[in-house]
Amino acid sequence: MPLPPENRQRSPHTGWTREHWEATADDLLAAVRPYASPGHALIDLPGSRPSWSGRRSDGLEGFARTFLPAALRIAGAGGADPHGLLEGYASGLDAGTRTPTSERDLANGDRESWPLITDRGQAMVEAASIAFALRLTRPWLWDHLDGPVRERVGRWLADALHRTPNDNNWHLFPFSVGGFLAEAGIREKEARAAVRRGLEEIDRFYLGGGWYTDGRPRAFDHYNGWALHLYPVLHAHLSGDGPLLAAYGSRLATHLSGYAHTFGGDGAPVHQGRSLTYRFATTAALWAGALTGHTPLPPGVTRRLASGALRYFLDRGALDANGLLTLGWHGPEPRLVQPYSGPASPYWAGSAFLGLLLPPDHPVWSETELPAPAEIRDTVLALPQPGWLVQSTAHDGLVRLHNHGSDDQPADAVLPDNPHYARLAHSTATGPTHEGVADNHLALLVDGRPTERGRIGFVGAGNDWAASTWRPRAAGQDLPGVTVTSLTVAHGPDEVRVHLVTGAASETPVRHGGWAVAGTEVEAGPAATARADGRLTSELRDLHGFTAAGTTAVPGGTAYGPRALLPFLTGTLPGDTALLACAARLTGAGGLHPLDALDFTVEPGETWRLGIRWPDGTVRRARIAPGTVSVEPES
C-alpha cells in the first residue's frame, strides 16, 4: 500500500510520522502472510540458504519475529486488529504446539510443528519473542485461547526455563519467557527464578557507563541496545516493577547519551558488529527510553533518529520485490550474514515498532522533529567502556567510530579477525572489505601475507583520543615478541593514527589501509585518495614512517556498493622499534583544507613525544611507549 504523504511541518528532517510507522508495519506483516503454513504455525520465507538450525527452526523464526511487531501494532492501537492478525497467530499457537518435534526439516510433510526448545537451540530465542508478544496482546489473544491450547503453549514455553543458553545475551531469553509465564500463573516459582537468574547473569556483563559486553570479554556491538538493554527494561515496564525499571532504566538512559551520537545525518547506524541484517532494530533502545521515560533525549530527537533509520533502509532497497526484508544491509549482502541467520532473521527488526505503544498524543509523536546530534555540530566523544571514539561532522552528517576496544574474541582463544569488529574504524557510510587490502588496518607483511589484529587491549581514551595495544598474528599465532600500541586522535573531519611497533624484524614490510568508499562509480584521486559517486572521499597521508601511497580496488565491493576503492600506505620497519603515523579523512563535503595541512612532530626516545597542530591552530601533545599512551589537555 502507498505510504501517507510526508509531513515536513511536524517532521522537517524525515517527513515521517506515526502514520508512516503504522503503514510500514502493516505492509511488512502483510508481505509475510502468503508464506505461512496452513495452520499459520510456521512462516517459511523464501531464501537461497537456511540457517544452521534448519528450515523448521527458520519457519518458527518467521512466526515469532513477525508476531512481535504484530503485537506492538495491535497493542498500540488498543487492541484494534483490522487486518485479522491475531486470528492467524492464535491458530499458529495451536498448530505449532500440538506435536513439537526434533525434526529439523519439513520433508516429512509436517509443516506445522514447532521445534523443541533445547540447550543453546534457536527455539529458545524465538520463545522470547513469542512470550513478549503474548504479554502485549494478552487481553485480546491469550485470554481467549481455549484451555488446552494455553496449556500446550505454556508447556512448550516452560521448556526454556531449564535449558542452558549461550553465555551472552541469550540469558535474556529464558528470562523473557519467565516474565510471561509468571504473569500468566504458569509454573510461577520456576518462572520467577528464571527472571532472577537472567538478570544476575547479564549483570556480570555490565561494565558501567551504560555498556554491557555480550558475554565475551570485549564484545561490544548493537546487541547492547536491541537486547541487553531492551529486554530488562521492557520486562520491568510491562511488570509495573518500579524499582527494577529504575535500576535498568538508568543504565539505558546512560547508554543512550552516547548511543544517540552513532546515527548519521542520513539516518544510518554505524556499520559495526554482528547481526547487521537486523537493520532498524537499532532504534529499539531509543523507543524503550521514550516508552519508559528513561532517556536523556528530547522527544523530537528520538523520533528523528528512529524515523531516519527506518527510512534509511527502506529507501535503499532493504525490501525485495515481494516486500520481504532481505538478508543484508541495503539489499542482499551474504558476506555480513552469520550462519545462525535464516530468511526470517531480519525480522528481529520488528522490535523497532516499540514506539507504537506510545499513544498518538505522546510528545514523541506530537512534537516537531529536532536535529540528530550528528547534524548539530562537529563532535568527538570518547566511550571508554567499549573503547570507542565517536567522531561526527555536521557538514556531511557522517559518523566514524574509532575502535580501540571491541574485538569479539573469546576468553580462552584468539580466533581469526572478524572485519566487523577488528578494524581500527567503522562508520555510517562505509563497510569493511572482505577481500584484498583490509580497510582501516595496519598489517605487517609476513611472507607476503598480512597479519591480523587479534585480541585488542584497551589502553585509554580522552576527549578526542583513544588507544589500544595488540599483538599482530600470522598463521593463527602471535608474532613472537611483536607488539603494537595504537593511538587515534580526531579533530573535525580529520584523524591522526599512530602505531608504535616493537619487536619486529628490521625491513619488515607494512601496509596501512584507509576508509573503503563504495558506490556505483568510483575513481582514484591524487596520491592515496579515493572517491565514490561524487559523494564520499577517503584520503590517507603519510606523517611518519611510510614511504609510498596508492589506491586499490576492493574485490566485490562492500555492503555500500558493488564497486569500492581504498587508499593505502606502505613502508618498511627500520628496526626493533618503529613509529608509524598517518592522517586520514572520510568526508562527504568539498572545500576542506588539504589533509596534509596539519603539522606533526616526533621526538624519539623510550617514550616518544608527539605533537599535532591542526589547521585551525589547535595543538595536541601526546606521549607513547609500548602499552602506554598519555595525551595532554587541548591547547
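**Exercise 1. The surroundings of Ser129**

Ser129 has its place in helix α4 (residues 122-136), in a model that is predicted. Task: determine whether Ser129 is buried or exposed, and state which residues Ser129 touches beyond those up to four places away in sequence.

Solution. Step one takes the relative accessibility of Ser129, which is 5%. Buried means under 20% relative accessible area, so Ser129 counts as buried at its 5%. Step two turns to the contacts: not counting residues up to four places away in sequence, Ser129 touches Ala64, Leu68 and Tyr231. Step three follows one of these residues further, for Tyr231 is a member of an aromatic cluster that also includes Phe132 and Trp170.

**Exercise 2. Classifying two aromatic pairs**

A search of the whole structure finds 27 aromatic pairs. Task: work out which kind of pair Tyr223 and Tyr278 form, and then treat Phe313 and Trp329 in the same manner.

Solution. A pair of aromatic rings is described by the distance of the centres and the angle of the planes. For Tyr223 and Tyr278 the centres are 6.5 Å apart and the planes stand at 65°; planes over 60 degrees apart count as edge-to-face, so that is the class of this pair, Tyr223 with Tyr278. The pair links distant parts of the chain, since Tyr223 belongs to helix α8 (residues 223-239) while Tyr278 lies in the loop between α9 (242-259) and α10 (284-292), 55 residues apart. Both partners are buried: Tyr223 has a relative accessible area of 4%, and Tyr278 has one of 3%.

The pair of Phe313 and Trp329 has 4.8 Å from centre to centre and 90° between the planes, and is edge-to-face. This pair also links distant parts of the chain, with Phe313 in helix α11 (residues 299-314) and Trp329 in the loop between α11 and α12 (363-366), 16 residues apart. Phe313 is buried at a relative accessible area of 0%, and Trp329 counts as buried at 1%.

**Exercise 3. What gathers around Tyr223**

Task: state which residues form one aromatic cluster with Tyr223, which residue lies over the face of Tyr223, and where Asn169, a residue that touches Tyr223, has its place.

Solution. The cluster is formed by Phe132, Trp170, Phe173, Tyr223, Trp226, Tyr231, Tyr278 and Trp348. Over the face of Tyr223 lies Arg274, at 4.1 Å from the ring centre; elsewhere, Arg251 lies over the face of Tyr206, at 4.0 Å from the ring centre. Asn169 is placed in the loop between α5 (147-158) and α6 (172-184) and is buried, with a relative accessible area of 1%. Leaving out residues up to four places away in sequence, Asn169 touches Asp214, Tyr223, Ala227, Leu228 and Arg274, and this list therefore contains both Tyr223 and the arginine that lies over its face.

**Exercise 4. Reading two open sheets**

Task: for the sheet containing β21 and the sheet containing β1, give the strand order, the edge strands and the average angle between neighbouring strands.

Solution. In one sheet, 4 strands form an open arrangement in the order β21-β22-β23-β24, with antiparallel pairing. Its edge strands, each pairing on one side only, are β21 (599-603) and β24 (628-631), and the twist averages 15° from one strand to the next. Within this sheet, β22 (residues 608-613) and β23 (residues 619-625) pair in the antiparallel sense over 6 bridges, and Leu610 has Ala622 in β23 as its bridge partner.

In the other sheet, 4 strands again form an open arrangement, in the order β1-β2-β3-β4 and with antiparallel pairing. Here the edge strands are β1 (379-383) and β4 (425-427), each pairing on one side only, and neighbouring strands are turned by 20° against each other on average, direction ignored. Strand β3 (residues 398-403) is joined to β4 by 3 bridges, the two strands running antiparallel, and the bridge partner of His402 in β4 is Ala425.

**Exercise 5. The environment of His499**

Task: locate His499, decide whether His499 is buried or exposed, and identify the side chain with which its side chain makes a polar contact.

Solution. His499 lies in strand β12 (residues 494-502) and is buried, with a relative accessible area of 1%. Leaving aside neighbours within four places in sequence, the contacts of His499 include Leu424, Leu442, His512 and Leu580, as well as Ser486. With the side chain of Ser486, the side chain of His499 makes a polar contact at 2.8 Å. As a final step, the C-alpha atoms of His499 and Asp159 are separated by 51 Å, the two residues being 340 residues apart along the chain.

Key. Residues are numbered from 1 along each chain as its sequence is written. This is a predicted model: local features need pLDDT of at least 70, side-chain atom pairs count only at pLDDT 80 or more; totals for chains, interfaces and linings use all residues. Side-chain values use heavy atoms; hydrogens and water are left out. Rings of Phe, Tyr and Trp (its six-membered ring) pair if their centres lie within 6.5 Å; planes under 30 degrees apart count as stacked, over 60 as edge-to-face and the rest as tilted. Buried means under 20% relative accessible area, exposed over 50%, partly exposed in between (1.4 Å probe, protein chains only). A charge sits over a ring if NZ of Lys or CZ of Arg is within 6 Å of the ring centre and within 35 degrees of the ring normal. Two strands pair if DSSP finds at least two bridges between them. Axes are lines fitted to C-alpha atoms, for helices over the stretch in contact, and angles run from 0 to 180 degrees between N-to-C directions. Contact means heavy atoms within 4.5 Å. A polar contact is a pair of N or O atoms within 3.5 Å; within protein, one must be able to donate a hydrogen and the other to accept it, and residues adjacent in sequence count only if both atoms are side-chain atoms.
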